[in-house]
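Reader: I'd like to walk through this one with you before I set anything up. Can you put it on the screen?

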Amino acid sequence: MITEYREYLKPKKVYIPLTDIDSKIANVHVEEGDKILIGQIVAEKFNGKIKTPILSTVSGTVVGFIDKVDRYGKTVDHIIIENDLLDETVELLSFKDKFAVPQDRNFVHNVTTYSDNISTAQVRRVLKRLGIQKITVDGLHTDIIFNATIKHIVINAIFPNEPFISQDCEELISNAEAFADGISLLGIGSDAESMTVIVDKYMPAEVLESLGKAIVDKNIELVSVNVKKIKGWDYKVIQKLVNHKLSNNLLDDGVLYTSIHAALMVHNAIRQGIPVTNRHVAITGDALKVNAVYNVRVGTLFSELVEDLEGYQEIDKMNLNVGSFLTGIQLNTDDFVITQSVDAVNVSEYREIEEDVCIKCGDCNDICPAGILPQNIMDAELRSVNSRIVDLDTHLCVECGLCTYACPSKINVLEWVRRAKRRVG
Ligand code: SF4
Ligand code: SF4
């Protein structure tokens with residue numbers, strides 16, 4: 001169980017990726033030598049017509065551009081910003097007092113006292129300006145966008161979606177009010193009917209009490225689950241809420257699902273005008289000398305965190321996994337950057353997994369919460385039968401990884417389903 005918490009908030013340089021898995025085109029607004037403030041828009045990326053600003057997470061100077069592997073394993077262009085360590089921030093819109101109209105793209109009036117009277121449009125506007133869109137719970141999650149009808153806000157308070165990493169309880173207790181406010185603000189931004197927070201049944205009583213007190217009178221419900229018992233509990237809670245089988249994209253079911261840290265970022269953005277500069281990331285694995293949960297500056301190289309953790313054990317071959325064990329992405333380098341969407345990284349000694357043949361036990365089919373047949377999809381993928389892959393509703397797979405978890409033959413069933421999705425996608 002990890003119980004060590006660290007901060008890494010003063011990297012000498014940050015590297016900001018210009019594109020990602022969804023947005024493949026970007027307009028860059030800065031050039032080498034430009035002085036930059038925290039929260040300044042350095043580029044805008046496009047996913048079809050949706051434009052998302054890319055903000056600097058430090059103040060300093062643009063010193064160049066470089067190709068690097070991103071957290072999804074794709075090589076993309078990154079802006080390099082040298083940190084002047086002054087943490088100077090652009091003045092950003094916030095709702096402590098009154099709504100202020102932006103003077104230009106980067107600078108808006110700052111204000112000082114809280115307002116309870118915030119409209120849906122105002123919440124959306126701040127989040128859009130601050131590029132708060134992709135703060136994920138690993139595996140099942142949705143982007144924070146409001147272009148669909150959202151009926152339910154669901155918040156996962158079980159960071160980082162793994163039962164063997166302990167929460168920073170003090171952080172949860174001291175930020176309970178801010179978490180609750182962030183959830184309410186998401187509710188206002190989406191006009192949702194219900195707001196639910198999923199907590200671990202075995203969280204310390206003080207944490208549950210603080211969260212419970214903070215949500216009183218806010219129309220937010222706490223649902224406690226036993227995370228050690230079975231994976232897929234978040235899927236089950238959400239399925240119960242919507243009362244039907246879930247789609248591949250939960251936004252299609254009217255659900256916005258994200259993490260408690262995302263709620264805190266929403267609170268900071270709207271109440272303080274603070275952009276997302278930091279991220280909580282769990283760094284685990286037997287290949288590392290020390291394991292820890294970090295509060296890290298977004299844009300920091302993962303390899304710097306490894307150095308901070310006293311490096312690797314003397315091991316020849318390692319596996320590096322960004323995200324959870326079941327659903328994460330394997331990378332063959334540690335030279336990648338922590339972004340808003342990274343919540344866990346595991347580096348373990350490489351162990352040959354002896355996969356057996358499929359014994360057609362059906363366990364993967366039985367456990368699949370999407371109600372599809374991963375064994376049959378794997379079979380169709382092995383035989384390259386596109387029409388069968390489509391007929392089996394492969395697109396409904398939410399990549400929860402339960403099929404891999406259940407397989408007695410240790411087959412990475414999810415990987416076969418992913419391949420099948422890509423084949424017909
Ligand atoms: S096919 Fe596997 S990964 Fe996809 S939803 Fe079903 S159990 Fe989860
Ligand atoms: S759980 Fe594994 S062995 Fe059983 S049917 Fe699925 S793939 Fe085959």
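**A strand on the inside**

Author: Let's begin with strand S5 (residues 41–47): five of its seven residues are buried, so the strand is largely enclosed by the rest of the structure. Buried means under 20% relative accessible area, exposed over 50% and partly exposed in between, with a 1.4 Å probe and protein chains only. Helices (H or I, at least four residues) and strands (E, at least two) are DSSP runs, numbered from the N terminus.

Reader: Before we go on, what kind of model is this?

Author: Residues are numbered from 1 along each chain as its sequence is written, and chains are lettered from A and ligands numbered from 1 in the order in which they are written. Side-chain values use heavy atoms, with hydrogens and water left out, while local features need pLDDT of at least 70, side-chain atom pairs count only at pLDDT 80 or more, and totals for chains, interfaces and linings use all residues, since what you see is a predicted model.

Reader: How many helices and strands does the protein chain have?

Author: Of the chain's 425 residues, 56% count as buried. Among contacts (heavy atoms within 4.5 Å) between residues at least 6 apart in sequence, 68% join residues at least 24 apart. The count you asked for is twelve helices and 17 strands.

Reader: Back to S5: which residue in S5 is the bridge partner of Val-28?

Author: Val-28 sits in strand S3, and S3 (residues 25–28) runs antiparallel to S5, joined by four bridges. Two strands pair if DSSP finds at least two bridges between them. Val-28 and its partner are 15 residues apart in sequence and 4.2 Å apart in space, C-alpha to C-alpha. That partner is Ala-43.

Reader: And is Val-28 buried, partly exposed or exposed?

Author: Leaving aside neighbours within four places in sequence, Val-28 is in contact with Leu-18, Val-42, Ala-43, Phe-65 and Ile-79. Its relative accessible area is 38%, so Val-28 comes out as partly exposed.

Reader: Which residue in the turn between S5 and S6 has a positive phi?

Author: S5 runs antiparallel to strand S6 (residues 50–55), with six bridges joining them. Asn-47 stands opposite Ile-50 in S6. The two strands form a hairpin with two residues between them, and the turn residue with a phi of about 60° is Gly-48.

Reader: There's an open sheet too. What is the order of its strands?

Author: S7 (residues 60–69) and S8 (residues 75–83) pair in the antiparallel sense over nine bridges, and Gly-60 has Asn-83 as its bridge partner in S8. Pairing in the four-stranded sheet is antiparallel, and the order is S2-S8-S7-S4. Its edge strands, each pairing on one side only, are S2 (13–17) and S4 (35–36).

Reader: Now the ring systems: which residues form the aromatic pair?

Author: The structure holds one such pair; rings of Phe, Tyr and Trp (its six-membered ring) pair if their centres lie within 6.5 Å, and planes under 30 degrees apart count as stacked, over 60 as edge-to-face and the rest as tilted. This pair is stacked, at 5.1 Å centre to centre and 20° between the planes, and its members are Phe-302 and Phe-336.

Reader: How many residues apart in sequence are the parts that this pair ties together?

Author: Phe-302 is buried at 0% relative accessible area, and Phe-336 is buried at 0% as well. Phe-302 lies in helix H7 (residues 302–308) and Phe-336 in the loop between strand S16 (329–331) and strand S17 (344–349), so the parts tied together are separated in sequence by 34 residues.

Reader: On to the ligands. Which residues come nearest to ligand 1?

Author: A residue is near a molecule if one of its heavy atoms lies within 4 Å of it. The shell divides into eleven nonpolar, one polar and one charged residue; Ala, Val, Leu, Ile, Met, Phe, Trp, Tyr, Cys and Pro count as nonpolar, Asp, Glu, Lys and Arg as charged, and the others, Gly among them, as polar. Of the 13 residues around ligand 1, the nearest are Cys-368, Cys-397, Cys-400, Gly-401 and Cys-403.

Reader: Which residues are closest to ligand 2?

Author: Its shell has eight nonpolar, three polar and two charged residues. Helix H8 (363–367) and helix H9 (374–382) each supply at least two of the shell residues. Of the 13 residues that surround ligand 2, the closest are Cys-358, Cys-361, Gly-362, Cys-364 and Cys-407.

Reader: With those cysteines listed, how many disulfides does the structure hold?

Author: A disulfide here is a pair of cysteine sulfur atoms within 2.5 Å. By that test, the number is zero.
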